[in-house]
Amino acid sequence: MEVFEPWRLILAAVLAGFLHFQVLCTSDVAPNYTFMQEATKAPPVAYYDYIIIGGGTAGCPLAATLSQNFRVLLLERGGSPYGNQNITNLATFTDTLTDTSPTSPAQSFVSEDGVVNTRARVLGGGTCLNAGFYTHADPEFVQKAGLDLDLVNRSYQWVEKVMVFEPQLRQWQSAVRDGLLEVGVLPYNGYTFEHIYGTKVGGTIFDKDNHRHTAADLLQYANPSGLTVLLYATVHRILFKTKGQSKTAAHGVIFKDGAGNEHRAYLSKETDKGSMGEIIVSAGALGSPQLLILSGIGPAQHLKSLGIKVLLDQPWVGQGMADNPLNVIVVPSPSPVEVSLAQQVGITRLGTYIEAISGSISSDSLD
Ligand SMILES: Cc1cc2nc3c(=O)[nH]c(=O)nc-3n(C[C@H](O)[C@H](O)[C@H](O)COP(=O)(O)OP(=O)(O)OC[C@H]3O[C@@H](n4cnc5c(N)ncnc54)[C@H](O)[C@@H]3O)c2cc1C
């Protein structure tokens, strides 16, 4: 169990709320994504080599990569992040998270143990809502996960070229660095993406004008003739073939467009490369198991209690979810404080991470 020590908590002081100076910018103009359209324009039935469910942090780069050699369909239940000022501007970080309207890119929910939270509902997924802190994984973790370290390192560069920037440290984040060093979160490692003990400056997905770049930007790598991205396309069920097969195999999906019309997409019998394609579920930590359960894959008893026909009794689907423990201290300031999201981080040997964000909040909100 990871434990936060009180003195470390003091360092993690967070001044929630942000200056609301709306900055109009040009970087949020939609790129020329000829492959992107609303799902209402999709045919009732279509065939692809790969079908990716969820156009988030994982789904967008996957679609861009697979489209180089295959016909790929990316289905995203939300809309485009481009043109949404709240997503683009660092100063309106909390506005997106607190927008509870039905079309909000942030879907709010409360966990069974009462923790208020949000999950993304927009192309680009969590990168449209999050604090934008960028770092590499611990190489030990990469190896334990069975991933090819060389490929992972090359992938980092692919991502960094498009959406990672060196943050400009101003007063607050500099003070956080000094505080971390003073209490012994050592050594000081400067600006680095490496996951190493001590205090460091990580990368950020906000550029020098404080404009957010998201995973949707990675679609600029896509082969336009190999990719179709459908927005407001909510997948309701994955279709499985069971008859005449030794294993249950996914072969299609049912999704609904923004007007409520149903569409189906199926895997082509064979890709041009002669192999069978796949349906990839990248609908997020909550969306992915939810969709599997709705499709008949999950703990049999649970599915039966919901009246869902069991295709595969898989007891672990949707189990073992937990929130990371997060301790927050809010320090009110009598004068306005610069807006900054996590830039400095303290990585301790206890396995805790110390970050601090700053901004201004109206005094009413502190009541
Ligand atoms: C407030 C906040 C701050 C964070 N700060 C940081 C940070 O600073 N640095 C960091 O590295 N991480 C941060 N994270 C975590 C990070 O954003 C997530 O771990 C990451 O985005 C998860 O990626 P994903 O691809 O698994 O899911 P997501 O990016 O959530 O993508 C899932 C996508 O699937 C879509 N979807 C779901 N169900 C369906 C369906 N049935 N049909 C079609 N589409 C569907 C969703 O709309 C969504 O776009 C933060 C998260 C939050 C919420």
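# Reading contacts and salt bridges

Modeller: Let's start with one residue: Asp49 is buried, at a relative accessible area of 1%. Buried stands for under 20% relative accessible area, exposed for over 50%, and partly exposed for in between, using a 1.4 Å probe and protein chains only. Keep in mind that this is a predicted model: local features need pLDDT of at least 70, side-chain atom pairs count only at pLDDT 80 or more, and totals for chains, interfaces and linings use all residues. Residues are numbered from 1 along each chain as its sequence is written, and side-chain values use heavy atoms, with hydrogens and water left out.

Colleague: Okay, which residue does Asp49 meet in a salt bridge?

Modeller: First the general idea: side chains of opposite charge can pair when their charged atoms come close. The rule for a salt bridge is a side-chain nitrogen of Lys or Arg within 4 Å of a carboxyl oxygen of Asp or Glu. Here the partner of Asp49 is Arg71, at 2.8 Å from N to O. Arg71 sits in the loop between helix 2 (59–66) and strand 4 (72–75), and Asp49 in the loop between strand 2 (45–48) and strand 3 (50–53), so the pair ties together parts 22 residues apart in sequence. Those helices (H or I, at least four residues) and strands (E, at least two) are DSSP runs, numbered from the N terminus. Arg71 is partly exposed, at 32%.

Colleague: How many salt bridges does the rule give?

Modeller: Six. One of them joins Asp178 and Arg177 at 3.2 Å, N to O. Asp178 is partly exposed at 40%, and Arg177 is partly exposed at 21%. Another of the pairs is Arg264 with Glu262, at 3.8 Å. Arg264 is partly exposed at 29%, and so is Glu262 at 45%.

Colleague: Now the ligand. Which residues come nearest?

Modeller: For a residue to be near, one of its heavy atoms must lie within 4 Å of the molecule or strand. Of the 23 residues around the ligand, the nearest are Thr57, Ala58, Glu76, Arg77 and Gly126.

Colleague: And what lies 2.7 Å from an oxygen atom of the ligand?

Modeller: A polar side-chain atom of Thr57. To read that, think of a polar contact as a pair of N or O atoms within 3.5 Å; within protein, one must be able to donate a hydrogen and the other to accept it, and residues adjacent in sequence count only if both atoms are side-chain atoms. Ala58 brings a backbone N or O atom to 2.9 Å from a ligand oxygen, while a polar backbone atom of Val122 is 3.0 Å from an oxygen of the ligand.
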